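Welcome! Take a moment to look over the sequence and turn the structure around. When you are ready, read on with the picture beside you.

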Amino acid sequence: MFRFYTARARFDAWLVADRLKQAGIKAHVFNQHASSIVGDVPPDVAQPQVWLEREQDRERALVLLARLQEEAARSGTTRCAACGEDSPANFDLCWNCGASL
Ligand SMILES: [Zn+2]
């Protein structure tokens with residue numbers, strides 16, 4: 001298992017992990033609790049992280065990540081009025097609480 005991606009926001013990490021799982025890549029999202037799992041992570045690494053189980057998935061995952069980031073750059077983000085989480089601007093519903101955006 002290795003750290004593949006450090007996200008700027010929670011939805012970002014979940015989107016990346018979701019996309020990877022759809023492609024058959026085993027991915028896990030860790031949040032600020034990552035330090036207790038890994039042990040040697042610097043204390044300032046409190047952002048959500050995506051970890052992959054298999055090293056051989058890295059190349060394919062990088063391609064998917066690049067594609068996802070292109071999509072995200074095009075759409076931007078919208079903040080949910082109900083819970084305050086950011087969602088991709090092309091979402092109709094908040095990924096976190098399901099409120100209409
Ligand atoms: Zn919300």
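This report walks through the fold, a sheet, two helices, a core and two single residues.

**The overall plan**

Keep in mind from the start that this is a predicted model. The protein contains 3 helices and 5 strands. If you trace the chain along its sequence, you meet them in the pattern β-α-β-α-β-α-β-β. Of the 101 residues in the protein, 19% are buried. Now take the contacts between residues with a separation of 6 or more: 45% of them join residues that are 24 or more positions apart.

**The sheet**

Let us begin with the strands. Three of them form an open sheet with the order 1-3-2, and the pairing is antiparallel. Strand 1 (2–6) and strand 2 (27–30) stand at the edges with a single partner strand each, so one side of each has no neighbour in the sheet. From one strand to the next, the twist averages 30°.

As background, the strands of a sheet pair through backbone hydrogen bonds, and the pairing can be parallel or antiparallel. Here, strand 1 and strand 3 run antiparallel and are joined by 4 bridges. Strand 2 also pairs with strand 3 (residues 49–52) in the antiparallel sense, over 4 bridges.

Which residues face each other across these pairings? The table shows some of them, with the strand 3 residue in the second column.

| Residue | Partner in strand 3 |
|---|---|
| Alanine 27 | Leucine 52 |
| Valine 29 | Valine 50 |
| Threonine 6 | Glutamine 49 |

**Helix 1 and the core**

Next, find helix 1 (residues 10–22). This helix lies across strand 1, strand 2 and strand 3, and it runs at about 170° to strand 2. Helix 1 has 13 residues and reaches 18 Å from its first C-alpha to its last, close to the 18 Å expected at 1.5 Å a residue. After helix 1 comes glycine 24, with a positive phi near 85°.

Which residues of helix 1 are buried? They are Phe11, Asp12, Ala13, Leu15, Val16, Ala17 and Leu20. The cover over these buried residues includes strand 1, strand 2, strand 3, helix 3 (58–75) and strand 5 (86–88).

The largest nonpolar core has 12 residues in all: Phe4, Tyr5, Phe11, Ala13, Leu15, Val16, Ala17, Leu20, Ala27, Val50, Leu52 and Ala61. Strand 1, helix 1 and strand 3 are the elements that give two or more residues to this core. Helix 1 gives the most, with 6 residues.

**Helix 3**

Is helix 3 largely in the open or largely buried? Of its 18 residues, the number buried is 1, so helix 3 lies largely in the open. Helix 3 reaches 26 Å from its first C-alpha to its last, close to the 26 Å expected at 1.5 Å a residue. Glycine 76 follows helix 3, and its phi is positive, near 75°.

**Two residues to zoom in on**

Start with threonine 6, which lies in strand 1. Threonine 6 has 14 other C-beta atoms within 10 Å. A residue is buried with 20 or more such atoms and exposed with 12 or fewer, so threonine 6 counts as partly exposed. Leaving aside its neighbours within four places in sequence, threonine 6 is in contact with Gln47 and Gln49. Threonine 6 and valine 50 are 44 residues apart in sequence, but their C-alpha atoms are 6.4 Å apart in space.

Now move to cysteine 94, in the segment after strand 5. Why does cysteine 94 count as buried? The reason is that cysteine 94 has 21 C-beta neighbours inside 10 Å, and 20 or more are needed for a residue to be buried. Setting aside its neighbours within four places in sequence, cysteine 94 is in contact with Cys80, Ala82, Cys83, Glu85, Ser87, Ala99 and Leu101. Glycine 84 is 10 residues from cysteine 94 along the chain, and the C-alpha atoms of the two are separated by 9.5 Å.

**Looking back**

As you turn the model once more, look for the open sheet of 3 strands, with helix 1 lying across strand 1, strand 2 and strand 3. Then find helix 3, which lies largely in the open.

Notes
Residues are numbered from 1 along each chain as its sequence is written. This is a predicted model: local features need pLDDT of at least 70, side-chain atom pairs count only at pLDDT 80 or more; totals for chains, interfaces and linings use all residues. Two strands pair if DSSP finds at least two bridges between them. Axes are lines fitted to C-alpha atoms, for helices over the stretch in contact, and angles run from 0 to 180 degrees between N-to-C directions. Two residues are in contact if their C-beta atoms, placed from the backbone, lie within 7 Å. The expected span of a helix is 1.5 Å times one less than its number of residues. A nonpolar core is a set of buried Ala, Val, Leu, Ile, Met, Phe, Trp, Tyr and Cys residues joined through C-beta atoms within 7 Å.
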